[in-house]
Amino acid sequence: MKILNEQDKKYLLDSIRAINDFPKPGIVFRDITTLLNDQKAFSFLMQHLTERYRDYNLDFIVGIESRGFIFGAALASCLGIGFVPIRKPKKLPYITISQKYTLEYGVDEVQMHIDAFRDKKNAKVLLIDDLIATGGTAKASIELIRQTKAECVEACFLINLVELNGSKEIEKLTKVYSVLEV
Ligand code: AMP
């Protein structure tokens with residue numbers, strides 16, 4: 001199914017556990033491990049994403065640490081293309097490029113290997129993560145992808161926390177697809 005109906009969305013949303021006050025008071029943490037260990041829900045989601053992205057002619061899927069790795073690597077394999085990880089500083093062993101971004105308190109950074117897209121010029125890539133909140137991580141990740149002259153054709157999130165308006169910020173940079181809106 002290329003397009004999900006309300007029943008499909010409810011099915012996926014019900015497979016994701018909400019944990020109140022984690023990791024700190026006031027946060028409702030969306031725990032996707034209960035989707036991953038549900039073979040039907042996980043394969044339903046991956047079939048949907050594969051059908052959606054089959055005709056995009058993508059060169060790479062780029063996943064954001066760490067839950068973006070799970071969906072991104074699975075999707076890359078389904079599409080028969082390569083996977084690239086975006087990581088927090090000092091995790092990647094080879095030469096990296098970096099992009100800093102501001103948090104509520106302080107600064108953070110994302111990194112990618114300088115040769116992440118091999119010798120592919122102007123690679124067409126899809127960025128993926130489990131959830132978009134303020135959009136800070138995704139924005140920095142798109143800027144990082146652009147440093148390599150690759151094109152981020154879409155950013156895909158399993159869950160969009162609509163109230164935080166992160167997806168609106170990302171829409172200024174690229175197309176956004178959120179499977180579920182909360
Ligand atoms: P942001 O940069 O604010 O959009 O935050 C997005 C990143 O933080 C993603 O990698 C998410 O996995 C994680 N994240 C933020 N809020 C939540 C939440 N309520 N539940 C689960 N993960 C979250």
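How much space lies in the largest cavity? About 40 Å³. Keep in mind that this is a predicted model. The search covered the whole structure, and it turned up one cavity of 30 Å³ or more.

Let me stay with that cavity for a moment. Three elements each give two or more residues to its lining: helix 3, residues 39-53, strand 7, residues 124-132, and strand 8, residues 151-160. Strand 8 gives the largest share, three residues. The lining itself is Leu-45, Leu-49, Phe-71, Ile-128, Asp-129, Cys-156, Phe-157, Leu-158 and Val-179. By class, eight of these are nonpolar, none is polar and one is charged. Remember Asp-129 from that list. We will meet Asp-129 again at the ligand.

Now the pockets. The largest pocket has a volume of about 1,200 Å³. Its lining counts 34 residues, and those nearest the centre are Leu-131, Ala-133, Thr-134, Thr-137 and Leu-164. Strand 2, strand 5 (96-102), strand 7 and helix 5 are the elements that give two or more residues to this lining. Strand 7 has the largest share, with four residues. The classes here are 17 nonpolar, seven polar and 10 charged residues.

What takes up the space of the largest pocket? The ligand does. There are 14 residues around the ligand, and Arg-67, Asp-130, Thr-134, Gly-135 and Thr-137 come nearest. Thr-134 and Thr-137 also appeared among the residues nearest the pocket centre.

Next, the polar contacts. Start with the backbone. A polar backbone atom of Val-28 is 2.9 Å from a nitrogen atom of the ligand. Then two aspartates. Asp-129 places a polar side-chain atom 2.8 Å from an oxygen atom of the ligand. For Asp-130, an N or O atom in the side chain is 2.7 Å from a ligand oxygen. As for burial, the ligand taken alone exposes 490 Å², and the protein buries 81% of that.

Which elements build the shell around the ligand, giving two or more residues? Strand 2 (28-31), strand 7 and helix 5 (136-147). Strand 7 leads with four residues, the largest share. By class, the shell has six nonpolar, four polar and four charged residues. So much for the ligand.

On to the second largest pocket. About 170 Å³ of space lies there. It is lined by 13 residues, and the closest to its centre are Phe-117, Arg-118, Lys-120, Lys-121 and Thr-148. By class, that lining has five nonpolar, two polar and six charged residues.

Last topic: backbone geometry. Most residues other than glycine have a negative phi, and most peptide bonds are trans. Here are some exceptions. The peptide bond from Phe-22 to Pro-23 is cis, with omega near 0 degrees. Pro-23 sits in the loop between strand 1 (17-20) and strand 2. The bond from Glu-65 to Ser-66 is also cis, with omega near -5 degrees. Where is Ser-66 found? In the loop between strand 3 (60-64) and helix 4 (67-79). Then there is Asn-57. Its phi is positive, about 50 degrees, although Asn-57 is not a glycine. Asn-57 belongs to the loop between helix 3 and strand 3.

To wrap up, keep strand 7 in view. Strand 7 gives the largest share of the ligand shell and the largest share of the lining of the largest pocket. Strand 7 also gives two or more residues to the lining of the largest cavity.

Notes. Residues numbered from 1 in each chain as written. Predicted model: local features only at pLDDT ≥ 70, side-chain atom pairs only at ≥ 80, totals over all residues. Heavy atoms only, no water. 1 Å grid on protein atoms, 1.4 Å probe; cavity = no way out; pocket = protein on both sides within 12 Å on 5 of 7 lines; lining within 4 Å. Points joined across faces, edges and corners; volume = space filled by probe spheres on them. Nonpolar A, V, L, I, M, F, W, Y, C, P; charged D, E, K, R; others polar. Near = heavy atom within 4 Å. Polar contact = N/O pair within 3.5 Å; in protein donor to acceptor, adjacent residues only side chain to side chain. Areas by Shrake-Rupley, 256 points an atom, 1.4 Å probe, with all protein chains shown as cover. Sits in = over half its atoms within 2 Å of the grid points.
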